[in-house]
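Subject: Structure handover

Hi,

Here is the structure for you to look over. My notes on the strands and the pocket follow below it.

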Amino acid sequence: MNTMIDLTHIPTSRDETRQDVVSVLNGSWRGRMTDARGAAESFNLEREAVDHYVPGQVFLYTTPTGIAAGMRLLEAGDKAFVALIGPYFDPTEAAMVVTVLEGTTEPGGLSGTFHTRRYNWRTTLRSGHFTATRVEQISRAA
């Protein structure tokens, strides 16, 4: 008895709506977060231009106070995105925290809201607004 199996190739589906905003986020960004109490902190965000179809790509988020953490893009639409930073140690809170950015993209800029909470907690510790502008590649050298 001779059995023949015919395999059908199923094409991989890619999220085309995610492509545009992810490619817009490539590069280096310098920004500022200002919470509801008026406290402000600067940050840098860097992402190398690589295949934007790779799931779970990580950006590098850093602050002048020495906070460094990965940022993972959770959702992306035509011009909007949601990203998770951390977990990272926040010296102000003396705890491990995560920060969620909900923002929009415009030519050369990002803006939106953020909220920070302790890792594995639901209570928000800090919330406010952020803005960022594209800059030349940030040097990682000391």
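F81 stands opposite G103 in β6. The two strands involved, β5 and β6, run antiparallel and are joined by 9 bridges. (Two strands pair if DSSP finds at least two bridges between them; strands are DSSP runs of E with at least two residues, numbered from the N terminus.) The β5–β6 hairpin has 4 residues between its strands, and A94 takes a positive phi near 55° there.

Before the rest, the ground rules. This is a predicted model, with residues numbered from 1 along each chain as its sequence is written. Local features need pLDDT of at least 70, side-chain atom pairs count only at pLDDT 80 or more, totals for chains, interfaces and linings use all residues, and side-chain values use heavy atoms, with hydrogens and water left out.

Other strand pairs:

- β4 (residues 68-76) and β5: antiparallel, joined by 5 bridges. L73 has A83 in β5 as its bridge partner. The hairpin has 3 residues between the strands.
- β6 (residues 95-106) and β7: antiparallel, joined by 10 bridges. E106 has G109 in β7 as its bridge partner. The hairpin has 2 residues between the strands, and G108 takes a positive phi near 75°.
- β7 and β8 (residues 124-135): antiparallel, joined by 9 bridges. S111 has T131 in β8 as its bridge partner. The hairpin has 5 residues between the strands, and N120 takes a positive phi near 70°.

Now the pocket. The largest one has a volume of about 280 Å³. A pocket here is an open set of points on a 1 Å grid over the protein atoms alone, where a 1.4 Å probe fits, with protein on both sides within 12 Å along at least five of seven lines. The volume is the space filled by probe spheres set on the points, which are joined across faces, edges and corners.

Which residues lie nearest the centre of the largest pocket? They are A40, E41, D90, T92 and R126, out of 18 that line the pocket. (A lining residue has an atom within 4 Å of a point.) β1 (27-35), β2 (40-47), β5 (80-90) and β7 (109-118) each give two or more residues to this lining.

By class, the lining has 8 nonpolar, 5 polar and 5 charged residues. Ala, Val, Leu, Ile, Met, Phe, Trp, Tyr, Cys and Pro count as nonpolar; Asp, Glu, Lys and Arg as charged; the others, Gly among them, as polar.

Best wishes
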